[in-house]
Amino acid sequence: MLKDHIEKIVNILSEKLKTNKSIFYYVVPIISVLGLLFFINSKAMFSNSGDMKIRSTPLNEIQITDSLHAKILSRKYNPITKTVEFIIYTENSNNIDKKDLKFELREQESPNVVIPTRYQKIDANYYVILANVKKNWNVLSLSFGYESADNSSMNEDLEDIDIDNLDTSTKDKKSLVSVVRIYSDANDIKSSSFLTEKKKSKYISEIMDLEIDFINKDIDKLNKKIEEDNSKMEDAESKIVELKNDIRYQTESEKNTTEANITKLKNLISSTRDLGEKRVDRVKELKEKINKLEQKKMDFGV
């Protein structure tokens with residue numbers, strides 16, 4: 001591919017530059033031309049990007065399996081250190097023993113290889129998982145659940161993993177139960193060269209900000225719906241006025257039809273108003289939630 005050829009040429013020129021300083025004056029314009037060539041041909045090289053299928057679990061979308069509920073709030077990648085970071089929220093009312101979650105990270109090209117991870121448990125619900133991955137990874141699968149020595153339970157929980165390729169050499173191998181699996185595509189992850197592992201207090205602040213941002217987006221959507229509801233009711237009320245003005249010029253059968261239409265519009269207004277009131281109450285609840293999160297950030301964050 002053109003991209004690979006350009007990278008090879010740039011690498012060769014870089015080596016030459018190390019041994020021959022005078023070549024610098026020739027290298028700069030050559031690299032500029034190569035850069036322009038790459039830019040011109042970038043459309044052709046990535047012509048299929050519009051058709052590219054992103055295989056990532058959406059952010060802030062609850063995933064459910066058995067009693068475990070979870071969602072991913074953030075996914076980041078440091079291209080320099082090859083570090084990935086996932087921030088997840090979990091909830092399990094049946095976890096009476098308060099077991100910690102166990103994590104398994106795998107890459108699409110090597111599904112039988114478990115990538116070592118490290119994590120911080122921020123509080124009862126939030127975890128930050130970090131790992132070092134290979135340079136050219138495609139899709140990562142982060143599985144988490146509770147450890148169990150009973151392998152008979154893994155067929156259902158890991159149904160879309162090729163069990164035949166898993167290493168079964170360990171006699172008392174433990175598996176995960178109540179598994180939630182979250183996918184992250186290399187084309188759908190926030191890149192940050194400054195990504196490093198942080199203290200718990202900083203993560204708390206970041207998590208609260210993430211949650212507040214998601215809630216504000218929900219509030220914006222609800223407010224938009226409320227505006228649409230108000231507009232719908234205004235249109236219905238205006239239509240009712242028109243229909244009532246027309247009644248005096250109608251026959252009895254026409255009047256009956258008009259009255260029926262007026263009743264339908266009144267019912268529409270009533271149901272829309274009820275729905276709008278619920279949305280308004282939900283907005284109030286979400287704003288209260290934001291206040292609680294901000295308070296938590298002040299108490300435990302930085």
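Angles between helix axes under 35 degrees count as roughly parallel, over 145 as roughly antiparallel, 65 to 115 as roughly perpendicular and the rest as oblique. The structure is a predicted model, in which local features need pLDDT of at least 70 and side-chain atom pairs count only at pLDDT 80 or more, while totals for chains, interfaces and linings use all residues. Residues are numbered from 1 along each chain as its sequence is written, and side-chain values use heavy atoms, without hydrogens and water.

Helix 4 (residues 200-247) packs with helix 5 (residues 252-300) at an angle of about 165 degrees, and their axes lie 8 Å apart. Helix 4 and helix 5 are therefore roughly antiparallel to each other. Their crossing is left-handed (the near helix is turned anticlockwise from the far one by less than a right angle).

The largest pocket has a volume of about 410 Å³. Its lining comprises 19 residues, of which K71, E211, I215, K289 and L293 lie nearest its centre. Helix 4 and helix 5 are the elements that give two or more residues to this lining, and helix 5 supplies the largest share, 7 residues. A pocket here is an open set of points on a 1 Å grid where a 1.4 Å probe fits, with protein on both sides within 12 Å along at least five of seven lines; lining residues have an atom within 4 Å of a point.

The table gives residue classes, with Asp, Glu, Lys and Arg counted as charged, Ala, Val, Leu, Ile, Met, Phe, Trp, Tyr, Cys and Pro as nonpolar, and the others, Gly among them, as polar.

| Region | Nonpolar | Polar | Charged |
|---|---|---|---|
| Contact of helix 4 with helix 5 | 22 residues | 8 residues | 20 residues |
| Lining of the largest pocket | 8 residues | 2 residues | 9 residues |

Technical notes: Axes fitted to C-alpha atoms, helices over the stretch in contact; angles between N-to-C directions. Helix = DSSP H or I, 4+ residues; strand = E, 2+ residues; numbered from the N terminus. Points joined across faces, edges and corners; volume = space filled by probe spheres on them.
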